[in-house]
Amino acid sequence: FGHPDVALVLTHLSYYYSGLSDLQLSQCFNRLNDEETDPRPIYDQWILYEGEDDLPTCIKQWNGVNLSDFEQRTHYLFPRFRYNMLVINYFLNHFVFPREAKQFPFKLVSSAWDLSSSLR
């Protein structure tokens with residue numbers, strides 16, 4: 001599993017199947033609220049992905065979301081968005097990959113080909 005593309009695919013699959021924890025969802029919603037200039041279009045995409053048919057009216061629009069309301073978070077938001085692929089992608093893109101998928105200026109591993117090279 002040393003190939004970067006395989007690691008990315010396995011990371012995505014792992015999160016898609018296990019979903020996000022309450023802490024990870026809190027991080028997503030807090031970042032959406034605090035750091036995005038206009039969170040409505042992002043949240044609207046999340047809602048469209050879920051389907052608006054059986055959504056409670058209190059969370060259909062970003063204006064109705066109250067992150068400080070424990071009951072709304074635990075009964076409506078978190079169960080609904082725990083397995084949402086767009087929310088998981090948002091979490092991975094803003095919290096996991098920037099920290100875990102860094103590139104380094106120097107090569108950190110070597111193979112037998114590198115060891116036998118005359119450029120050492």
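# Exercises on a six-helix model

R31 has a relative accessibility of 18%, so R31 counts as buried. Buried means under 20% relative accessible area, exposed means over 50%, and partly exposed lies in between, with a 1.4 Å probe and protein chains only. The model is predicted: local features need pLDDT of at least 70, side-chain atom pairs count only at pLDDT 80 or more, and totals for chains, interfaces and linings use all residues. Residues are numbered from 1 along each chain as its sequence is written, and side-chain values use heavy atoms, with hydrogens and water left out.

**Exercise 1. State how many helices and strands the protein has, and what share of its residues is buried.**

Step 1. Helices (H or I, at least four residues) and strands (E, at least two) are DSSP runs, numbered from the N terminus. The protein has 6 helices and 0 strands. Its pattern along the sequence is α-α-α-α-α-α.

Step 2. The protein has 120 residues, and 27% of them count as buried.

Step 3. The accessible surface comes to about 8,600 Å², with 54% of that belonging to carbon and sulfur atoms. Accessible areas come from the Shrake-Rupley method with a 1.4 Å probe, and for residues only the protein chains shown count as cover.

**Exercise 2. Describe how helix 3 packs against helix 5 and against helix 4.**

Step 1. Axes are lines fitted to C-alpha atoms, for helices over the stretch in contact, and angles run from 0 to 180 degrees between N-to-C directions. Angles under 35 degrees count as roughly parallel, over 145 as roughly antiparallel, 65 to 115 as roughly perpendicular and the rest as oblique.

Step 2. Helix 3 (residues 39-50) and helix 5 (residues 85-100) have axes that come within 8 Å and cross at roughly 140 degrees. Helix 3 is therefore oblique to helix 5.

Step 3. Contact means heavy atoms within 4.5 Å. From helix 3, I42, Q45, W46 and Y49 meet M85, L86, V87 and Y90 of helix 5.

Step 4. With helix 4 (residues 70-81), helix 3 makes an angle of about 75 degrees, and the two axes are 11 Å apart. These two helices are therefore roughly perpendicular to each other. Y43, W46, I47 and E50 of helix 3 make the contact with L77, R80 and F81 of helix 4.

**Exercise 3. Find which parts of the protein are tied together by the salt bridges of D22 and E50.**

Step 1. A salt bridge is a side-chain nitrogen of Lys or Arg within 4 Å of a carboxyl oxygen of Asp or Glu. The whole structure holds 6 salt bridges.

Step 2. D22 pairs with R82, their closest N and O atoms being 2.7 Å apart. Because D22 lies in helix 2 (residues 22-35) and R82 in the loop between helix 4 and helix 5, the pair ties together parts 60 residues apart in sequence.

Step 3. E50 forms a salt bridge with R80, with 4.0 Å between the closest N and O atoms. E50 is in helix 3 and R80 in helix 4, so this pair ties together parts 30 residues apart in sequence. E50 is partly exposed at 23% relative accessibility, and R80 is partly exposed at 21%.

**Exercise 4. Place the salt bridge between E35 and R31.**

Step 1. The side chains of E35 and R31 meet at 3.7 Å, N to O.

Step 2. E35 and R31 are 4 residues apart in helix 2, which means that about one helical turn separates them.

Step 3. E35 is exposed, with a relative accessible area of 56%, whereas R31 is buried.
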